[in-house]
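This report looks at how parts of one chain are arranged and how chains meet. Please have the sequence and the 3D view open while reading.

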4 protein chains.
Amino acid sequence: MERVRYGMIGGGKGAFIGGVHRTAAAIAGNWQLVAGAFSSTPDVSRASGLELGIDPARTYGSWREMLAAEAALPAMERIEAVAIVTPNHMHAAPAIAALEAGFDVIIEKPLADTPEAAQAIADAAEQTGRRIAVTHTYTGYPLVKQARRLVTSGKFGKVRRVAVRYMQDWLSRPEDLIENKQAEWRVDPTRSGEAGAFGDIGTHAANLVEFITGERLSAICADLSMLPGRRIDDDGAALFRLSGGGRGTLMASQVCVGDINDLTIDVYCDDAGLHWRQEEPNTLRIGYRDRPTEIWHAGANRAYLAPDVLAIQRTPAGHPEGYLEAFANIYSAFGRAIRGTEDALDEPGFATIADALSGMNFIRASLQSSRAGAVWTDL
Amino acid sequence: MERVRYGMIGGGKGAFIGGVHRTAAAIAGNWQLVAGAFSSTPDVSRASGLELGIDPARTYGSWREMLAAEAALPAMERIEAVAIVTPNHMHAAPAIAALEAGFDVIIEKPLADTPEAAQAIADAAEQTGRRIAVTHTYTGYPLVKQARRLVTSGKFGKVRRVAVRYMQDWLSRPEDLIENKQAEWRVDPTRSGEAGAFGDIGTHAANLVEFITGERLSAICADLSMLPGRRIDDDGAALFRLSGGGRGTLMASQVCVGDINDLTIDVYCDDAGLHWRQEEPNTLRIGYRDRPTEIWHAGANRAYLAPDVLAIQRTPAGHPEGYLEAFANIYSAFGRAIRGTEDALDEPGFATIADALSGMNFIRASLQSSRAGAVWTDL
Amino acid sequence: MERVRYGMIGGGKGAFIGGVHRTAAAIAGNWQLVAGAFSSTPDVSRASGLELGIDPARTYGSWREMLAAEAALPAMERIEAVAIVTPNHMHAAPAIAALEAGFDVIIEKPLADTPEAAQAIADAAEQTGRRIAVTHTYTGYPLVKQARRLVTSGKFGKVRRVAVRYMQDWLSRPEDLIENKQAEWRVDPTRSGEAGAFGDIGTHAANLVEFITGERLSAICADLSMLPGRRIDDDGAALFRLSGGGRGTLMASQVCVGDINDLTIDVYCDDAGLHWRQEEPNTLRIGYRDRPTEIWHAGANRAYLAPDVLAIQRTPAGHPEGYLEAFANIYSAFGRAIRGTEDALDEPGFATIADALSGMNFIRASLQSSRAGAVWTDL
Amino acid sequence: MERVRYGMIGGGKGAFIGGVHRTAAAIAGNWQLVAGAFSSTPDVSRASGLELGIDPARTYGSWREMLAAEAALPAMERIEAVAIVTPNHMHAAPAIAALEAGFDVIIEKPLADTPEAAQAIADAAEQTGRRIAVTHTYTGYPLVKQARRLVTSGKFGKVRRVAVRYMQDWLSRPEDLIENKQAEWRVDPTRSGEAGAFGDIGTHAANLVEFITGERLSAICADLSMLPGRRIDDDGAALFRLSGGGRGTLMASQVCVGDINDLTIDVYCDDAGLHWRQEEPNTLRIGYRDRPTEIWHAGANRAYLAPDVLAIQRTPAGHPEGYLEAFANIYSAFGRAIRGTEDALDEPGFATIADALSGMNFIRASLQSSRAGAVWTDL
């Protein structure tokens, strides 16, 4: 299968997530980086392209330039898709332009900085008929997909309660906002959007809940806070309801000291409780009422896993796959969708525009609820 | 030191917690069971006393009988304290009578079935000047006490966030209420009190928060629920505020399948996060921002533990102590208080009437909040 | 059931294991300490007895005195059994005298300091027909018994390989032998016996292997060592063979820094691997080839456990039992054997003289093998 | 930096380790696959090349053909290195030919099927002056490197004892040798070499010991076995000595049911014990005598890690890296060595020919020792 040629917007030197996208695409194996507008500073973009071994003729000084130049190339040569890895407030313009220029788009979450911007992207996708994938990485983990298979099959009954937490500590100190390229835009409402931790990682947590349960959050009662002197939330907790009637709690914090990137989820169904932790992603714990707890292991050779879970793993059990492989699974699935080689009966394998809009909705309702003093707010 | 002579009210054959109290007292070593009114059915009481090797003359058919008869014995012979292990709605009457008869009282939590009954006990203690200990077992664990030492010392800064969960599954099935002596009274509001899971185990969770942080819960926003057909909550979650300004979440459930007796607490301070789990009580995990995570080990020979934590342990590290030893620590401390041999500078080592009233307050506020649709309610 | 009246030999102030025996007997509930020769120094013995609430008339200055005086008391009053908790070289004389005086004996492991002394005890038991229990504590853990049930049932096939480790660090420093009452006699060959770590804790490891597999060690190839300046082994490893044909490794060390009391065992059968760790004794992990790993939980209400495993537990699952409860299970079983109330179809529930002689044999063969330069030696 | 152009020998459709090498090289980012002789069956080679997007002109029917054709290409176009991923008995011939043709070589472990073949490769490397890297994957894990830094620095004193285990279960059943492409050659002495499990994974374990301690195994006493009907060992254990005087145990098995790819190592020094487990590679546990146990976390932003450990990580802590990233670190380091851009003060970052010869030596001595009945044998 011919690899999907793509150009990257953002992700120049010093950026974090751009490199992750490129490595993920390399692991996926069905993508080829051939162009890029890596920075809004043309020199940085050029230097980045050089380091990445991109043809200098296809390293552009701006994304507008890239979209125009690439669209003018012969069909067999020009990029087919763009990867957008810029800060949140710079998602919508290039995404819409790319869609309108006929390119498929893979885009970092959250979809945009505001609900309006997100909706504009969705509208553009609708009108152009192009594909969009949003990189909710954690749904790319094999055992997360297995948990979804188990829960949505109904074999354990209905979902009663969900507890999800996404805890970090990298903003735990007042001084963490100074001279920190990662922090800088993330805590600036004009660039990150109105939500801080709830937007940056709360959306991952909410997405994970929706992915595993196959339901949507229907209402939320949120209590956000921030360290003195900050402008957007860096910590919060919420009660929520699921569309199927279950209840849940969600915590998202960037100031909980000692928790590094601690995303965990517990899903309690009528007859079993499922537990997964991102920092040790290759096991899934399932507790029962009357029999021993089970530890399910990831691995391309664990026959008890679902066929589509087996298919996305690269190594036999005991050879741990991690964050980059999970990310690669998103790229791989989107690449197959673009090539039309995905199993028609299967689900996308990446977060769709509908999932991403739900995430935007989660942000809006959380902020609204919290500002009203933790009042139940519908999503 | 002469052992404290005590009589037990409740705890006859088939009861669970009475046996735990007796074993705890035996491990503590400073208590001696010499009398009992083990059941409201005189025959059961007598049979129980026989099995326990109690002098038949001091095995009584009712607690009223016991209090009267024992009070009439010579001072050096009669009981000095009573242990009350009856269902919640039968706490107040014997407790008050015992206090008034001049006996100290150790009593199972929650203090009573209603705030009014609890207050009546408190008033009786106040008026008689007798001592009361409430068996909030989990504060008897050495590493819980160590966590309290660390957090309240202020060395880690202020408490930012607390997450506490107490999850069980023994009521997860509709049929669990039938033919289950434990469940029977616990889910009957006329005997257990108006709260179910929040009263039975939520109070433990709340007490643990207050013990470790040295603060009180000041407000709560609770969302309780129950399986169809039940009369009191068997599951719930809440947001809360601490008197020191920190925030928290609390979950208590008896219907979360696969969680056996899963009480866990995370306390995040400005400079460290402390984590303890009751099912593996001999380690305390402390996470930091800039250095490796630490695992503290329980054990009478771990010199890095506080002196009073070292003092309550029976075995060197690596010889696990468990639930019964934690319970024994409560008895041991109350016994020393009765004998006046506790360190004057030290804190009680057991939950006091003030702690227990705070627990009753927690129940009241949680129910109130939940009935109003999860509205913030002051404690 | 009338409690078994016992007298203790050793275990005065400052000793460790004597207090453990007493607490274990108290938890067991079917024992009553009524006499003692707690120290070879009469004053220490008397002071210890006083502290323990023993009738001063039955606190003796020597074990000879105790055996004589108690034997002269009326049958319904005198002790029925003695607990021997002295250093290894002082096991044989009181044990034999006690047996000959008509008392049953419960004795700390290893049975004696030399194979000859051990055999003499065995002979005395044989001739007098009295009972002996040796306190190999770790076989008192419920899940160890469950592992034995599973492995010896043959449902997992034959035992292929066993890996057992018992690692401590309390002698890791040269200076650990100075002013350490625990260490003092344990590292003195004239009091502890010729073996150090292999005698003190290696015997526990070997006993655990034999208990779980239901087989005996048949040959060993051992490599013992010690820190410079020491007289007996403080560290060692061995290859071994089981009577059923399986192979194994055994490590025992008191100088492996950071390992506190780390006894772990892995038993690999044809169709499953079982894993247990003493420091977290309430779970048993079982790995399979084709299905998820299982975590079995201890607890009096886990119906999947064997009936005799359920019977020895005091609390429902999730209320951790530990070292003292395991020890209590040994006492409880020996007490029932003395009373003749144990299930006739069941096994003893404590290490017998045969088990203890096997342990002595293990020590002898290990030393012999190691001295010859790690040569295979039959047991 | 220009990427290193390489050709692969072996690794066609159906092979496992070839794909791992290619993904590792892609993650490393400084390698480019441009040619291949993927199978000894020309059609398979061609189909594999097509699938991998290799120029059909550079997909060869045999490695001889590839070496000849590539050597004839212009310097700026031809391959610079070959990756050899064939079964063990097919390592030496292509490796020597490649070296002689002027190419650097990266080769799967063990270096060869026999000590003679291994020596021949070493001689060829010596004579040609070309570079060789052997892919002992596990030394590519960041925390393994960190353990090496800590242990070899001497800050914890000398190495006392090492325990290493590499346990698998994929050959646990007699029928596992039938229709299993992975098993087929690995258990055939004419293709795999005389050693089975000890050669295939025991060498990894031995290499890990040598890497972390900075010492060599100096003597071994090994006891190998195999299931009935097999021709080479599938299970074994050994005692060993280190060149610095420490002692150790090594287990390697492919028939221990439930252990998937369970490589663990414990290194006990005078003042600390270090513990690492491959299946959860992102934590390193360090135990001390007098202070809490530490958990060190992997991550590009954990400032307490050594600079060269930080340098090889792609993601901040809490974003787990796994087996493929560890493998990529080997490729990355070898690529930098080829480009001459590695830090001159640093060590290679990959297993050298000396390390690999030590591994061959380990195999020889283990077999010799075991055949003699577990006799100490010098390496």
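How many residues of chain A are in contact with chain D? In this predicted model, 25 residues of chain A are in contact with 25 residues of chain D. On the chain A side, the elements that give two or more residues are helix H1 (17-28), strand S10 (261-269) and helix H11 (323-339) of chain A. H1(A) gives the most, with 4 residues.

Chain B also touches chain A, and this contact takes 33 residues from chain B and 33 residues from chain A. Several strands of chain B each supply at least two residues to the chain B side, among them strand S6 (159-168), strand S7 (217-225) and strand S12 (283-287). The largest share of that side, 4 residues, comes from S9(B), which is strand S9 (247-253) of chain B.

The table lists the residue classes for these two sides.

| Side | Nonpolar | Polar | Charged |
|---|---|---|---|
| Chain A, touching chain D | 9 residues | 9 residues | 7 residues |
| Chain B, touching chain A | 15 residues | 9 residues | 9 residues |

**The sheet of chain D**

Within chain D, 5 strands form an open sheet with parallel pairing, in the order S2-S1-S3-S4-S5. Its edge strands are strand S2 (31-37) and strand S5 (132-134), each of which pairs on one side only. On average, neighbouring strands of this sheet are turned by 25° against each other, direction ignored.

At one edge, strand S4 (residues 104-107) of chain D pairs with S5(D) in the parallel sense over 3 bridges. There, D:Val105 stands opposite D:Ile132 in S5(D).

Helices also meet the strands of this chain. Helix H3 (residues 63-71) of chain D packs on the sheet and touches strand S1 (4-9) and S2 of chain D. The direction of H3 makes about 125° with that of S2(D). Helix H4 (residues 92-100) of chain D lies across S1, strand S3 (81-84) and S4 of chain D, and runs at about 155° to S4(D).

**Two helices of chain D**

The axes of helix H6 (residues 142-152) and helix H9 (residues 197-213) of chain D come within 7 Å and cross at roughly 45°. H6(D) and H9(D) are therefore oblique to each other. From H6(D), the contact is made by D:Val144, D:Ala147, D:Arg148 and D:Val151. H9(D) contributes D:Leu208, D:Phe211, D:Ile212 and D:Thr213. By class, the residues of this contact are 6 nonpolar, 1 polar and 1 charged.

Terms used:
Residues are numbered from 1 along each chain as its sequence is written. Chains are lettered from A and ligands numbered from 1 in the order in which they are written. This is a predicted model: local features need pLDDT of at least 70, side-chain atom pairs count only at pLDDT 80 or more; totals for chains, interfaces and linings use all residues. Axes are lines fitted to C-alpha atoms, for helices over the stretch in contact, and angles run from 0 to 180 degrees between N-to-C directions. Angles under 35 degrees count as roughly parallel, over 145 as roughly antiparallel, 65 to 115 as roughly perpendicular and the rest as oblique. Two residues are in contact if their C-beta atoms, placed from the backbone, lie within 7 Å. Ala, Val, Leu, Ile, Met, Phe, Trp, Tyr, Cys and Pro count as nonpolar, Asp, Glu, Lys and Arg as charged, and the others, Gly among them, as polar. Two strands pair if DSSP finds at least two bridges between them.
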